[in-house]
Each structure stands twice: as C-alpha cells, then as structure tokens.
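Open the model in your viewer and keep a selection prompt at hand. The tour below goes from stop to stop, naming what to select and what is found there.

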Amino acid sequence: MNRKIAAVAAIATVLVASACSSSGSSGDAKQATLSTDGKGKKITVWLMDDAQKGWPAVVDAAKKEFTEKTGAEVDIQWQTWTNYTTKLDTALLSGNAPDALELGNTQTAKYIEAGSFVDLTGVKGQFDNSDKYLDSLAASGQTPDGTKTYAIPYYAGARVLIYRKDLFEKAGVTQAPTTLAELKDALTKVKAANASTPGFSALYLPGQNWYTAASFGASTFGVKNIVAKADGDKWTGTLSDPKFVEGVKTWNDLQKEFSVGGTTTDEATQDALMAKGNIAAIVGNGWELGSVADPKTGDPSLKDKLASIALPGTAAGQPTPAFLGGSDLAVPAKSANPGLGATFLQIYTNTKQQTELAKFAIPNAKNLVAAYKAAAPANKATGDAAEGLTWFIPNSPLWSGADETALKTAFGAIAAGGDPATELKKVEETVVKDLNG
C-alpha cells in the first residue's frame, strides 16, 4: 500500500470516512442546508478560547441572534489548540461530534479529504461577503481545485515587516519604504550606520524561514498553486518554475546583503534576537511586535521604537504576497444538527459579527478589513497585507511537517550559497512525491 492510500485509509479509519481512494471521499459528504427549526433543541459549538479571551461579546451576540431566529440554544464549549485534532478525531470516532467547530486553516485539508465535514458549497452564497473572502483563507476550506467549500473563513493573521523606527531614523530613513527598491535603499543606509555593531542585521532573514522566502517567489510567480498544483488526482510541482525562482533570488539577495548568521535557523527565535538590539527589521506575524517588547522575553524599552508595515513589493500599494494563517469554521457530517450548525456559522460570520470581531482580529472578508485597520494604528500593516495578494500551502491531507522540513532545508541551502534553481528542483521532487503518495 503506497503512502497516499495508507494515509487516507488511516484518516478514514479515525474519522469514520466512507472511502480512502486517492481522490478522497469529500464528494460523498452531506450537502448542507440552513435550518431555523430549533425549538426545544440545543446545539454544541466548539470554539477556541482565543474568542473567549478576545471577543466574547461577538460570540454572545451571535448566540442571541441564533436563538431568536431558530428557537435553539447554543452551548459554546471552549477549546485550546493543544492536542485539539486528537480530541476532534476522538469525538468523530465516537459519534459525539459538535454541531459546528473551529479549526486551524492548515488542519482543514485532511478532514475535507475524509468527508468529515458537510459540503457547504450550495449554501455558501447565503453567507455574508462570501464573494469577498480573503483569498488564501477561503482556499484552505475548499477542495484543491477550488470547486467545493467545506469550511468557512473565520479570521486571519498575516506576516509583515517589523522594524526599529529609531535605527531607521538615525540612518536618515524618516519615511517607511513603499517598494522593494525603497526598502533596499533604506536597509543599505541602516547597515552602513551600524557597521560597527558586531553581528548586525539590517533585515534578519533566517534561511530556513521558508514562508518568507516563498512569499518572494509568489511575488513573481503568482499566489495560486504555490509549491504544487493539483491536476485531478495528481500534484505537479511549481517550485522550479522560472518565475518562482526569480522571486526567490530576490529574497536570497536581500538575505545575503543584510542578514547575518541565519542560514541554518528559522524564525522561531527572531523576536528574542531582535530584542537584544542588533537587528533592525524582521518579517513576522503582527503579534510579534508585542513579543519583541515583552517584559519577560524581550525588551520593553523597545515598545515605542517598533513599527510595522506590509512587506513592500515591486510597486507602491502592492505588498509582497503574505501567507495567511488563521481559522476556519465547519459543520461535522456526523453532527446531530448539521442544519442548525450551518445556520449558527452563517450568523456568527455575518457582517455585523465580523465587523465587531474586526476590533480584535483580521476579519474574513476584504471589504471588512477597513474596520480592522480603523480599530488601531498598529493594525494597518497586517490589514494591508491581508487585503493584498495572499497565498496558501497545498491543500492536501498528505501535506505534513516533513514537507515543511524539506523546504526549510532547501531554502537554508540556498541562503548558504546553493543555486536556487537546483535546490528548488530537488525539494520540489521530494514534496510532489509525498503529495502523490
């Protein structure tokens, strides 16, 4: 039994799916309906405690509106990310699945493949702003070809350029760069102004931070089909495409010119390193601003010296494409009340609730990002990144940590002096072999 068949069979066993063919069982999933017949019923919804801590009023408002519309009550059961998929697998196996749930957008593909979620394609048009969803967040809830939807975007996070305003200003850079050319010019000045600082990085680009490297590849290749492209039941690689390689060379030039000592590491420690004072800029998630200045793990004196912008692209107003992390919402096919579960998600993601959520996180649709940016000055960078072109990993249940490790190794080799085209071709063969089983 090859890897693909074995993997899908294992998923099917755990998730009580009906098939394990290479094309997956998502086509066998139940078609969604939206029900308002809930008198005397109670539905169960699993949400991560991020909402409990960050926007409980949004949840309460959705519960109230749902009960008014359907007559049903809502039992929110708060979850944590630790071992979450194990808990979900167990619930599906035992037949105790909730009626609606949240999960990370990189976790969704295996459940879609196994037929574990209700097919929302037919009702998606009745969800507010479904034609304006953030591109790559929407893609995470779809089949690889994008023709069917099994999970609805919830909220997102985006990577941005985080930089030391004080170091830039001391180097004579008083305006945030708006293009890659302006960024390179600014970094050149910052590097020169800090030439006497040992191990100084004007822009710290650790070689194994493949998400950032791939963003530069996407800037020239395009944001669809990053890493690999689904063609029916088979995947073909895109890493060796000359346009992708071209963008990676731009990233490699920046890391060679402005980054010190990061060819064998990833981004995991960059916040702590920046807090030590010899890094002027990093590419990281918006929340990393707080991490760099954290009193326990960083340097609180940097709080007012940090700023962020969407990572500039080749033209002003067109950021380098960002990878969007975030959460999706879905209805388990084995739930007791799938129609009511779908209706709760419809209400929880409507314009009213998402506009309120935008005070705390990036909402699920481009037309609502303006509310997020208006909520706080610090939100502009991540908002701009989310509004721009974004990309996502191959939406396959066979995408794994091993593939990410292979990509880290490949980009680290490029950063250490390897030929980009050669290294990308090698890793492409490895990843495509995994995706095809």
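The stops that follow cover pockets, a helix, a cavity and aromatic rings in what is a predicted model.

**Stop 1: the largest pocket**

Select Tyr155, Ala156, Gly157, Asn285 and Trp287. Of the 27 residues that line the largest pocket, these are the closest to its centre. The pocket holds about 670 Å³ of space. Next, colour β4, β9 and α16, the elements that give two or more residues each to this lining. The most comes from β4, which gives 5 residues. By class, the lining divides into 13 nonpolar, 12 polar and 2 charged residues.

**Stop 2: helix α16**

Stay with one of those elements and select residues 379-387, which make up helix α16. Is this helix enclosed or open? Of its 9 residues, 7 are buried, so the helix is largely enclosed by the rest of the structure. The buried residues are Asn379, Ala381, Thr382, Gly383, Asp384, Ala385 and Ala386. To see what surrounds them, show β4 (152-164), β8 (306-309), β9 (322-330), α15 (369-375) and β10 (390-391), against which the buried residues of α16 pack.

**Stop 3: tyrosine 372**

Move to helix α15 and select tyrosine 372, which lies in it. This tyrosine counts as buried because its relative accessibility is 8%, and the cut-off for buried is under 20%. Leaving aside residues up to four places away in sequence, tyrosine 372 touches Ala358, Ala361, Ile362, Pro363, Asn379, Thr382 and Gly383. Among the buried residues of α16 are Asn379, Thr382 and Gly383, and tyrosine 372 touches these three. For a distance label, pick the C-alpha atoms of tyrosine 372 and alanine 361: they are separated by 6.9 Å, with the residues 11 apart along the chain.

**Stop 4: an aromatic cluster**

Select Trp55, Phe66, Tyr154, Tyr155, Phe344, Tyr348 and Phe360. Ring pairs link these residues into a cluster. Tyr155 was also selected at the largest pocket, as one of the residues closest to its centre.

Across the whole structure, a search finds 20 aromatic pairs. Zoom in on phenylalanine 221 and phenylalanine 244, which form an edge-to-face pair with 6.3 Å centre to centre and 80° between the planes. The pair links distant parts of the chain, with phenylalanine 221 in helix α9 and phenylalanine 244 in helix α10 (residues 242-258), 23 residues apart. Phenylalanine 221 counts as partly exposed, at 23% relative accessibility, whereas phenylalanine 244 counts as buried, at 0%.

Then return to the cluster and pick phenylalanine 344 and tyrosine 348. Their ring centres are 5.6 Å apart and their planes meet at 20°, so this pair is stacked. Both residues lie in helix α13 (residues 338-348), 4 residues apart, which is about one turn of the helix. Phenylalanine 344 is buried, with a relative accessible area of 0%, and tyrosine 348 is buried too, at 1%.

**Stop 5: the cavity**

How many cavities of 30 Å³ or more does the structure hold? There is 1, with about 50 Å³ of space in it. Select its lining: Arg159, Tyr211, Thr212, Ser215, Val283, Leu311, Thr320, Pro321 and Ala322. Helix α9 (residues 210-221) supplies the largest share of this lining, 3 residues. The classes are 5 nonpolar, 3 polar and 1 charged.

Keep two of the lining residues on screen. Arginine 159 lies over the face of tyrosine 211, at 4.6 Å from the ring centre. For another charge over a ring, select lysine 87 and tryptophan 46: the charged end of the lysine sits over the tryptophan ring, 5.1 Å from its centre.

**Stop 6: the second largest pocket**

Finish with Ala139, Gln142, Pro144, Lys224 and Asn225. These are the closest to the centre of the second largest pocket, out of the 23 residues that line it. About 540 Å³ of space lies in this pocket. At least two residues of the lining come from each of α6 (135-139), β5 (228-231) and β10. The strand β10 was also shown at the second stop, among the elements that the buried residues of α16 pack against. By class, the lining of the second largest pocket has 12 nonpolar, 7 polar and 4 charged residues.

Key: Residues are numbered from 1 along each chain as its sequence is written. This is a predicted model: local features need pLDDT of at least 70, side-chain atom pairs count only at pLDDT 80 or more; totals for chains, interfaces and linings use all residues. Side-chain values use heavy atoms; hydrogens and water are left out. On a 1 Å grid over the protein atoms alone, a cavity is a set of points where a 1.4 Å probe fits but cannot get out, and a pocket is an open set with protein on both sides within 12 Å along at least five of seven lines; lining residues have an atom within 4 Å of a point. Grid points are joined across faces, edges and corners, and a volume is the space filled by probe spheres set on the points. Ala, Val, Leu, Ile, Met, Phe, Trp, Tyr, Cys and Pro count as nonpolar, Asp, Glu, Lys and Arg as charged, and the others, Gly among them, as polar. Rings of Phe, Tyr and Trp (its six-membered ring) pair if their centres lie within 6.5 Å; planes under 30 degrees apart count as stacked, over 60 as edge-to-face and the rest as tilted. Buried means under 20% relative accessible area, exposed over 50%, partly exposed in between (1.4 Å probe, protein chains only). A charge sits over a ring if NZ of Lys or CZ of Arg is within 6 Å of the ring centre and within 35 degrees of the ring normal. Contact means heavy atoms within 4.5 Å.
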